[in-house]
Amino acid sequence: VEAYGGRAVLTDIRYDPEAGKLVAHAVASGVELASLKDLSKRDDLSGTGGFVGELRVSPEGPVLTGQATLTSFCVAQAPECGVSAELALAWPELTLSHAEVQFLGCRAEVTGSARAPDDENDAGKLELRLDGAGPLRQLADTYLPKSLPVAGKLTLSATVSGTFKSPGVAADVQIAGGTLKGIPVTRFEARGTLKGDTGRLDTLSLALAGAELKASGEMGPGRKLALEFVADPVPLALALRMADLEGPAQGFFRVRGSVTGTPDDPLVSATVDSADLSLDETDFGALHGSVSYRQQGVHLSPLTWRLNGGSLTAEGRVPVSSPEDKEKPAPADLLDCTVAWEKLTFGELHRLGEEVSTLLDNNEQPAQSLNDTLFYLRKLRHSPDGVLTGRAVVRGALTDPQVPEALLTVTGGKVGDEPLPEFTLEAAYGDRKVFCRSLRADLAH
């Protein structure tokens, strides 16, 4: 028999007079699941199916018992999977005594029953339970950016109810032995539902190296994300580790935001503030502002850093990594931001610059421009000081930024005990050279 794109063969056909049934060995292969839309009342099935077992036909109707397999099986936006099931089908009732599902490197057992749609007014019925586990790697590769490597073992418990046309899935997910960029995940719990083309994340709770993250939201048709999250606290030490830096850091951030876009290209938008930031016991002030993240980099819109009455505000794009491995970096790989500062003292900036330089050097990520500046300052017999106000445009590679334009005003300046006149400097920096455009000094005071 050829039907639904596949082929079925009946052999060893015989009549059982005691049972009053016709009995045959049945083998089916290559059944196109998409062609079953009239039976399933769905037009979003894909994959192929096969069956090996026994067919019994009586006046009450046919009954199939045996082993069914589904290859590259997919429903709507669910991940593609393979299914092997021991079943009994007495149309329209289906009973699973044991079924195994494999998807994204995980393996799950399914038990329960289903009733297929019997006519156009019947949507059928599903009552299934799924329990499974498996490595997290392949699942993360499918739904998370490649810049966030994760590992661990996932356990999943789910129920499937409703109808063939509109099934409902409720799931609980936990992760054991998980890591994110090599950092141990001490807790991961998630609970959600799937209805039609929309997946709902009712709650997600993550604990990671002192950070607490909670999220909820949904993924709609086209894998469109609409999530909200709160991360409070996020230790500065963890933020450095996520940037592949290790250092004696204290203090924490508070982050609240949303995630839109798709799992392949998420857009994360958030407000950020902080408390008690320090690096190697050096006060780092406080941060407050808005940021957004895409795989191409971070956009500051704006982000303000305050320290001892002074402030520095940055607005624009900051890449998440250096483009050194690219012959011709894309614009998204490069800095492009404007920085404005007010009432910052030179001494504070010098001190913080030394701490940042030490942190980067210890992690083998030196910033050549910063190190060059500090090298010349260290050669001075007396360190300069003063109150700085101004702005600059910063562009280029993260490890060697260029400053095509900068305006700096210094008041209350001095070198050692010698006072400096108030002056305004227009300058630029590039290729490890400082270019002075103009210098105006008030020599009357």
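Me: What makes Phe-103 and Phe-188 stand out in the largest nonpolar core?

Reply: Of the 85 residues in that core, these two touch the most other members. A nonpolar core here is a set of buried Ala, Val, Leu, Ile, Met, Phe, Trp, Tyr and Cys residues joined through side-chain atoms within 4.5 Å. Happy to add the background: this is a predicted model, where local features need pLDDT of at least 70, side-chain atom pairs count only at pLDDT 80 or more, and totals for chains, interfaces and linings use all residues. Residues are numbered from 1 along each chain as its sequence is written, and side-chain values use heavy atoms, with hydrogens and water left out.

Me: Why is Asn-363 called buried?

Reply: Its relative accessibility is 15%, and buried means under 20% relative accessible area (exposed is over 50%, partly exposed in between; 1.4 Å probe, protein chains only). Asn-363 therefore counts as buried.

Me: What is Asn-363 in contact with, leaving aside its neighbours within four places in sequence?

Reply: Asp-244, Leu-245 and Glu-246, where contact means heavy atoms within 4.5 Å. One of these, Asp-244, has a phi near 65 degrees, a positive value in a residue other than glycine.

Me: Which backbone oxygen lies 2.7 Å from a polar atom of the side chain of Asn-363?

Reply: That of Leu-359.

Me: How do you know which peptide bond before Pro-92 is meant, and is it cis or trans?

Reply: The bond runs from Trp-91 to Pro-92, and with omega near 10 degrees it is cis. The bond from Asp-232 to Pro-233 is also cis, with omega near 0 degrees.

Note on methods: Polar contact = N/O pair within 3.5 Å; in protein donor to acceptor, adjacent residues only side chain to side chain.
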